[in-house]
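Let's walk through this model together, one question at a time. Keep the view open and look up each residue as it comes along.

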Amino acid sequence: MDAITEVISAADLQKPEFYINRDASLLEFNKRVLAQARNEDVPLLERLNYLCISCSNLDEFYEVRVASVIQMAAIDPKVTGSDGLTPSEQLELISVKAHELVTEQYQVLNEILIPKLQAQNINFIRRKDWSETQLKWLQNYFNEEVLPILTPVGLDSAHPFPRILNKSLNFIISLTGKDAFGRNSGRAMLQAPRALPRIVQLPAEDTQSGPYDFVFLSSIIHAFADQLFNGMNIKGCYQFRVTRNSDFFVDDDAIDDLLLAVEGELAMRNYGDEVRLEIDANCPDETVAFLLARFEMTRQHLFLVDGPVNLNRLQEIIRLVDRPDLKFVPFKQSIPAQFARNKDMFAAIRRQDILLHHPFDSFAPVVEFLRQAAASPEVLAIKQTLYRTGADSPIVNALIKAARAGKEVTVVIELRARFDEKANIDLAAKLQEAAVHVVYGVVGYKTHAKMCLVLRREGKELVNYVHLGTGNYHPKTTQLYTDYGLFTCDKELGEDVRKVFAQLTSLGKVTKLNKLLQSPFTLHSGLLDKIEREIAFAHKGKAAKIVIKVNAVVEEILIQSLYRASQAGVEVKLIVRGICSLRPGIPGASENIEVRSIIGRFLEHERIYAFLNDGSQEVYASSADIMNRNMFRRVEVFFPISSKKLQNRILRDLELYLTDNTEAWLMQPDGHYRRANRIEDQYPVQAQIQLLNELQG
């Protein structure tokens, strides 16, 4: 061990300077998403979509992450994380980075995207530019479609400031004059009902407009707000939006019925504590101060914006504009040859393990697997986990058919899948009506594992057919997210999955599993063992390599283990879509670690762990990221890819991502990212597109 490595000891690796704040890292991810809106190689309407995604991501960031930091600041202001920051220091850091991000979002919209959209005859018509014909049509639209459902509230002692719905569009209005009762409080409030579209398309024939001329609802309300206050004068009308804490707390020790507890918390989601205030940048300081006081917020959480307060609404444009030339080229998902040749899915799986890589491979075989299971007289039971899906999902319909056909169907639904809680409650009710056994997993631990088990009688033998995945059983997201799914009837693996289901639905001690690692019991320690094994090989002078592809790397003990691997000479390649608290490239600690992020057409979502293992390569897939919650507060599974052919396929995919020089970003030791630019004459590698082209044949 050389001198510099000796200086950075195991104790030193626990120091804050070796860890990047997770929230700062998440905001860096959103900057990379926003960079796609600047990318000239991306179709124009897709660039608009990336802008909207960065905005919706920021909404969720404030609703969940910032809300939790604010709560921690109130509960334990001196507590620090691995990065050494107190909650108040985190909030200061978040505020600086979030304000930079929001400034850039509106700059991209106003200075880049709107002019480029105008060049394609896609226009957002400002009030000052309305023609007489457009004005007449919009006046009529306001009178017939908008005015009847608006409820302006004058602010006085009899009309206190109303409770504002989370992320709703609102207006603060300054008034002069007196009404019929002699009142003049000087201010009124107006909330735009959610039933109203935020973007209105002008009809070409009625308004002599272009085919893609649009007006914001906020502009319409501004233009005709005087009609809401008869006889009074409007000095100013300014839009604003409040973001609230949308995470909810369910006391695990006080739950008698998890379903009722979640339903009770959902009712309060729209009225959580305020965490962010967005206001029209033209709003006078006096009115800004008034709103800040009403919401008891500081300027740290105030955003004065140069445009609509909710850019997410612009995603509607992508649906309304029929311009295929401005969107990604449609693609056809492939069906694995094993299923194309053999319509009997059970026969195909008996012959060999089959791997799906979504969205390049279709999700249809997963649905067909359950449909055939529902129709097969030989199938006795089906067990399934559902985290995010939807009540109208073909997966759900197949499970219902199976139950109605007399099969034993058990579904483990995670009620606390964030922002899908209501959908999952409705889903549970629908399944229960069909006599499906529905359970909600284990109180205190989210069931995040993606598992389906079909028990089939074949002669005198009962055979377990299994599907394990890295992503949700959601047909729509499998067209947008990259994920792996494995079909197998491996006896030991099937028995492991059966035991995990038994654990989720019943009671009992931890049971020993043959091939699976499972959180919260064996996954964390199992990963540490595999990293330590690579370290041992490196110490013996043997080749040692770890490649991990996940969404986040946060958990401190595993990060320290990866640092030690780097110190030992293990080659560590991390492909991390979002948060990464590990710092690569630090001499004596992490110079053998590379961290890259891929931001492309599809959301990178699979979790893959590959270990060289002295030439006896091991490849695992999982639903778990390297986060504390995945290791200790969730039920996750970590499953081996045993087939050498399938291993090689995944390793080849990983190599594509590691050589991507088009959509890859390389993390620097300070936590910032730079594009992996091609050197002169280097062949361009775009992993997602190459995979898409290959699997389409």
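Q: Which residue in β6 stands opposite Ile199?
A: This is a predicted model, and in it β5 and β6 pair in the antiparallel sense. Three bridges hold that pairing. Opposite Ile199, in β6, stands Phe216.

Q: What is the order of the strands in the open sheet of three?
A: The edge strands are β1 (122–124) and β5, each of which pairs on one side only. The pairing in the sheet is mixed, and the twist from one strand to the next averages 25°. The order of this open sheet is β1-β6-β5.

Q: How confident is the predictor in the protein, as an average pLDDT?
A: A score of at least 70 is reached by 93% of the residues. Two stretches to treat with care are residues 1–6, where the pLDDT is below 50, and residues 249–256, where it stays under 50. Where pLDDT is low, the coordinates should not be read in detail. For the protein, the average pLDDT is 91.

Q: How many contacts beyond four places in sequence does the model have for residues 249–256?
A: The stretch 1–6 has five contacts beyond near neighbours in sequence. For residues 249–256, contacts beyond four places in sequence number eleven.

Q: Why is helix α7 (residues 217–224) described as largely enclosed by the rest of the structure?
A: Look at the helix residue by residue: Leu217, Ser218, Ser219, Ile220, Ile221, His222 and Phe224 are buried. The cover over them includes α5 (132–146), β3 (170–176), β4 (187–191), β5 (199–201), β6 (212–216) and β7 (233–244). Helix α7 is largely enclosed because, of its eight residues, the number buried is seven.

Q: Is Trp130 buried or exposed?
A: You will find Trp130 in the loop between β1 and α5. Leaving aside neighbours within four places in sequence, Trp130 is in contact with Ile125, Leu135, Leu138, Val215, Ser219, Ile220, Ala223 and Phe224. The relative accessibility of Trp130 is 12%, so this residue counts as buried.

Q: How far apart in space are Trp130 and Ala37, C-alpha to C-alpha?
A: Along the sequence, Trp130 and Ala37 are 93 residues apart. From C-alpha to C-alpha, the distance in space is 28 Å.

Q: Which residue in β4 is the bridge partner of Phe171?
A: Strand β4 is largely enclosed by the rest of the structure, since four of its five residues are buried. β2 runs antiparallel to β4 and is joined to it by two bridges, with Gly154 partnered by Ala188. β3 also runs antiparallel to β4, through five bridges. There, the partner of Phe171 is Leu190.

Q: How many residues apart in sequence are the parts tied together by Phe161 and Phe290?
A: The model has 20 aromatic pairs. One of them joins Phe161 and Phe290 edge-to-face, at 6.1 Å centre to centre and 65° between the planes. Phe161 lies in the loop between β2 (153–154) and β3, while Phe290 is in helix α9 (residues 285–295), so the parts tied together are separated in sequence by 129 residues.

Q: What kind of pair do the rings of Phe360 and Phe602 form?
A: Both Phe360 and Phe602 are buried. Phe360 lies in the loop between β10 (354–358) and α13 (364–375), and Phe602 in the loop between β21 (593–598) and β22 (603–604), so the pair ties together parts 242 residues apart in sequence. The ring centres are 5.7 Å apart and the planes stand at 90°, so the pair is edge-to-face.

Q: Which ring does the charged end of Arg32 sit over?
A: For another example of a charge over a ring, take Lys549, whose charged end sits over the ring of Tyr657, 4.6 Å from its centre. The charged end of Arg32 is 3.8 Å from the centre of its ring, and that ring belongs to Tyr673.

Q: Is Asn464 buried or exposed?
A: Asn464 is found in strand β16 (residues 461–469). Beyond residues up to four places away in sequence, Asn464 touches Leu453, Val454, Leu455, Thr488, Cys489, Gly494 and Glu495. With a relative accessibility of 14%, Asn464 counts as buried.

How values were computed:
Residues are numbered from 1 along each chain as its sequence is written. This is a predicted model: local features need pLDDT of at least 70, side-chain atom pairs count only at pLDDT 80 or more; totals for chains, interfaces and linings use all residues. Side-chain values use heavy atoms; hydrogens and water are left out. pLDDT is the predictor's confidence in each residue, from 0 to 100. Contact means heavy atoms within 4.5 Å. Buried means under 20% relative accessible area, exposed over 50%, partly exposed in between (1.4 Å probe, protein chains only). Rings of Phe, Tyr and Trp (its six-membered ring) pair if their centres lie within 6.5 Å; planes under 30 degrees apart count as stacked, over 60 as edge-to-face and the rest as tilted. A charge sits over a ring if NZ of Lys or CZ of Arg is within 6 Å of the ring centre and within 35 degrees of the ring normal. Two strands pair if DSSP finds at least two bridges between them. Axes are lines fitted to C-alpha atoms, for helices over the stretch in contact, and angles run from 0 to 180 degrees between N-to-C directions.
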